[in-house]
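The following exercises concern one protein model. Each begins with a task and continues with a solution in steps.

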Amino acid sequence: MTEGKIAPSSLFGLTKFSEAAKRSDVVFALGIMAILTVLILPMPKGLLDVCLAISLMVSILVLTTALFIERPLEFSSFPTLLLVSTMLRLSLNVASTRLILGHGHEGLSAAGEVIRAFGAFIMQGNFVIGLIVFAILVLVNFVVITKGSGRIAEVSARFSLDAMPGKQMAVDADLSAGLITEAEAKTRRKTLEDESNFFGSMDGAAKFVRGDAIAGLCITFINIIGGIIIGVAQMNVSLADAVQTYTILTVGDGLVSQIPALIVSTAAGILVSKAGVEGSAEKALFSQLSAYPSALGISSFLMATLGLLPGIPLIPFMALSFATGAAAWKLTEKKEQERKDALTASEADEDTHVQNVDPVKEALHIDPIKLEVGYGILPLINGSQGQKLTDQIKSLRAQLAREIGFVLPTVRMQDNLQLPQNKYLIRIKDVEVAQGDLRPHMLLCMNPTGGAIELPGEPTIEPTFGLQAMWISHGQKRDAEEKDYTIVEPLTVITTHISETIKDNTDELLGFTETQALIDDLDKSHQKLFKDMVPSQITMGNVQRVLQNLLSERVSIRDLGTILESISEVSAGMKNISMITEHVRSRLARQMCAAQSNDDGVVPIITLSPEWENQLQNAIAGEGEHQYLSLQPSKLQELTQRIQSTYDQQAALGEAPVLLTSSIVRPHIRSIVERFRSALVVMSHNEIHPKARIQTVATV
């Protein structure tokens with residue numbers, strides 16, 4: 001090296017060292033290798049002092065970290081750190097042993113100033129005191145702290161491992177219910193796995209501390225006996241001096257090792273005993289100890305009583321009694337004030353909510369089903385005479401639950417002064433879907449044959465099915481019965497209208513909440529099927545869409561178990577919701593045929609001619625869920641008219657037949673006929689049960 005300059009080789013070495021220091025993995029590996037090297041090579045006294053200080057500093061850092069962390073998993077590297085710190089102390093023990101045995105005859109500074117200071121300060125020149133203190137520290141560390149920490153870690157690891165399947169099932173259930181996302185589920189599963197691994201590692205790591213204590217005892221015994229033999233036999237030191245010097249050095253060395261070991265063991269105990277407690281250690285302890293001021297008050301009374309006993313020093317006991325009593329009084333006042341503040345805030349919130357309801361939030365509320373009536377229809381709701389509309393709605397909801405398979409939301413009834421007095425509106429999710437006029441004090445008369453009604457009255461249109469009708473007085477009821485007319489009460493008119501409107505819109509009323517309620521009410525076997533299927537094969541949303549598709553065509557979903565089994569059969573290899581729905585419909589063939597059978601147990605059907613079947617199949621374009629019917633408008637109009645005229649003829653004969661088509665064409669035919677006759681049932685050949693009795697009544 002020249003003056004004022006650094007040699008290139010030195011500069012290159014410093015650069016490489018700086019680059020290596022920036023890589024923590026390299027530094028950590030070098031540190032482990034250095035610890036192992038100390039076990040073999042001798043160490044100077046000055047370097048030993050530095051390493052002993054590092055060992056003490058690491059133990060204090062570990063303890064403070066264990067005190068401040070919120071959850072044990074935040075210190076998941078503790079088992080590894082415990083191994084490293086144990087190896088560091090053992091290597092320093094070996095280095096100090098080499099110095100004590102090799103240079104102990106030179107005096108108390110033979111193994112460095114740190115060991116000399118610990119030996120001189122704690123033992124105060126009396127090696128018997130040092131031996132007793134050292135033995136007590138080893139017992140406290142080995143018997144009390146390490147044994148208890150190891151037991152807690154062992155039990156926690158066992159319980160954590162046993163509870164893991166149940167916790168993982170809970171995570172899967174929350175994921176299936178849509179309460180958490182896939183990313184949150186992965187995070188929670190990883191946390192469960194880390195928790196089990198952590199407590200398992202802590203159980204094994206406790207053995208490090210136990211082995212460290214045993215090794216400390218052995219090293220201390222070897223140093224004392226070996227030092228005395230070397231000092232007397234080889235170094236010509238007197239027996240008294242050898243015992244004094246080597247014992248002080250050995251016990252000082254043992255204390256320097258055992259104090260950091262005791263600190264680390266305490267950190268391990270705090271860490272494993274902290275399981276299930278959120279927050280740092282001091283917050284958890286102080287908040288829980290101060291939660292019951294009466295406990296502090298009793299403690300204050302007992303301390304004062306003990307202080308009055310003969311021979312007991314009065315001042316410390318009375319001082320502690322005063323401190324705990326003052327704390328109890330202050331905490332009681334604080335809790336009472338918090339209770340009053342909470343009560344005042346709750347009352348203020350209630351008053352604010354009642355007096356200052358946010359109109360914007362109120363406007364966002366949507367009623368699933370709402371009935372708005374003019375003031376002339378209010379007597380039907382209030383029920384001043386006979387049945388009330390509310391009672392009819394309750395019966396209707398029970399009936400529809402049996403028919404369609406799920407409990408409908410409640411129907412909200414509200415008067416609307418802006419409506420004409422005898423008019424009513426039916427809203428689904430605040431959108432008007434139907435309306436009608438009633439005469440609360442009259443009867444609705446209809447001719448079943450479709451002919452004119454030969455009675456005086458007010459002509460009208462029946463609101464549910466659009467039939468010609470007439471409002472007549474109660475005095476004309478006998479005349480109408482003699483002519484075989486159908487007579488309907490106003491309450492039945494509005495109830496029937498609500499019923500048919502709900503049936504036409506049940507798919508919109510089946511939301512996520514209703515679907516989840518249906519799943520929760522299933523038996524355990526079908527819930528297991530659902531959990532195996534969702535979300536691995538199909539999502540919860542797609543299951544809901546299949547149910548909505550069934551309800552849109554008035555297919556009951558009461559047999560939800562069969563529906564889920566049908567979905568499970570094809571959902572693994574089929575993602576098209578329409579095709580899955582068609583498969584489910586074929587599995588519900590018996591139920592659907594039974595629902596469409598007439599009084600004679602026969603399913604009346606209308607078939608499409610082969611010409612129309614071929615034209616419709618050839619007109620299907622697109623693939624998968626993007627298929628559509630590309631039929632000429634003139635042909636589409638002709639098909640619509642023929643279907644409508646055929647069904648009008650059958651309706652005149654009192655029949656409500658099913659339109660039977662092929663499975664490929666069925667969804668497209670349904671999308672056509674629902675525009676002009678939503679109640680018309682369209683079924684495919686696959687949906688006719690083999691044991692069902694069918695009768696062809698017409699062909700389109």
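**Exercise 1. The second largest pocket**

Task: Determine how much space lies in the second largest pocket, and establish which elements and residue classes make up its lining.

Solution. The model is predicted.

Step 1. The space in the second largest pocket comes to about 990 Å³.

Step 2. Its lining consists of 33 residues, and those nearest the centre are S578, E582, R666, P667 and H668.

Step 3. At least two lining residues are supplied by each of α20, α22 (577-587), β11 (628-629), α25 (633-652) and α26 (666-673). Helix α22 gives the largest share, eight residues.

Step 4. Sorted by class, the lining holds 15 polar, ten charged and eight nonpolar residues.

**Exercise 2. The surroundings of strand β9**

Task: Decide whether strand β9 (residues 602-607) is largely enclosed or not, and identify the strands with which β9 pairs.

Solution.

Step 1. Buried here means under 20% relative accessible area. Six of the six residues of β9 are buried, so the strand is largely enclosed by the rest of the structure.

Step 2. In a regular strand, side chains alternate between the two faces of the sheet. In β9, V602, P604 and I606 point one way, whereas V603, I605 and T607 point the other way; all are buried.

Step 3. Strand β14 (residues 693-699) runs parallel to β9 and is joined to it by six bridges. Within this pairing, I605 stands opposite T696.

Step 4. Strand β12 (residues 658-661) also pairs with β9 in the parallel sense, over three bridges. Here T607 faces L660 as its opposite residue.

**Exercise 3. The nonpolar cores**

Task: Find which residues of the largest nonpolar core touch the most other members, and describe the contacts of I563.

Solution.

Step 1. The largest nonpolar core has 64 residues, of which L371, F406, I557, I563 and I567 touch the most other members. Helix α20 (residues 540-552) contributes the largest share of this core, six residues.

Step 2. When residues up to four places away in sequence are not counted, I563 touches L547, L550, S556, I557, V584 and L588.

Step 3. A second core, separate from this one, has 21 residues, including V38, M43, V84 and L92.

**Exercise 4. The protein as a whole**

Task: State how many helices and strands the protein has, and what percentage of its residues count as buried.

Solution.

Step 1. The secondary structure comprises 26 helices and 14 strands.

Step 2. Of the 700 residues, 39% count as buried.

Step 3. Among contacts with a separation of 6 or more, 73% are between residues 24 or more positions apart.

Methods
Residues are numbered from 1 along each chain as its sequence is written. This is a predicted model: local features need pLDDT of at least 70, side-chain atom pairs count only at pLDDT 80 or more; totals for chains, interfaces and linings use all residues. Side-chain values use heavy atoms; hydrogens and water are left out. A nonpolar core is a set of buried Ala, Val, Leu, Ile, Met, Phe, Trp, Tyr and Cys residues joined through side-chain atoms within 4.5 Å. Buried means under 20% relative accessible area, exposed over 50%, partly exposed in between (1.4 Å probe, protein chains only). Helices (H or I, at least four residues) and strands (E, at least two) are DSSP runs, numbered from the N terminus. Contact means heavy atoms within 4.5 Å. Two strands pair if DSSP finds at least two bridges between them. On a 1 Å grid over the protein atoms alone, a cavity is a set of points where a 1.4 Å probe fits but cannot get out, and a pocket is an open set with protein on both sides within 12 Å along at least five of seven lines; lining residues have an atom within 4 Å of a point. Grid points are joined across faces, edges and corners, and a volume is the space filled by probe spheres set on the points. Ala, Val, Leu, Ile, Met, Phe, Trp, Tyr, Cys and Pro count as nonpolar, Asp, Glu, Lys and Arg as charged, and the others, Gly among them, as polar.
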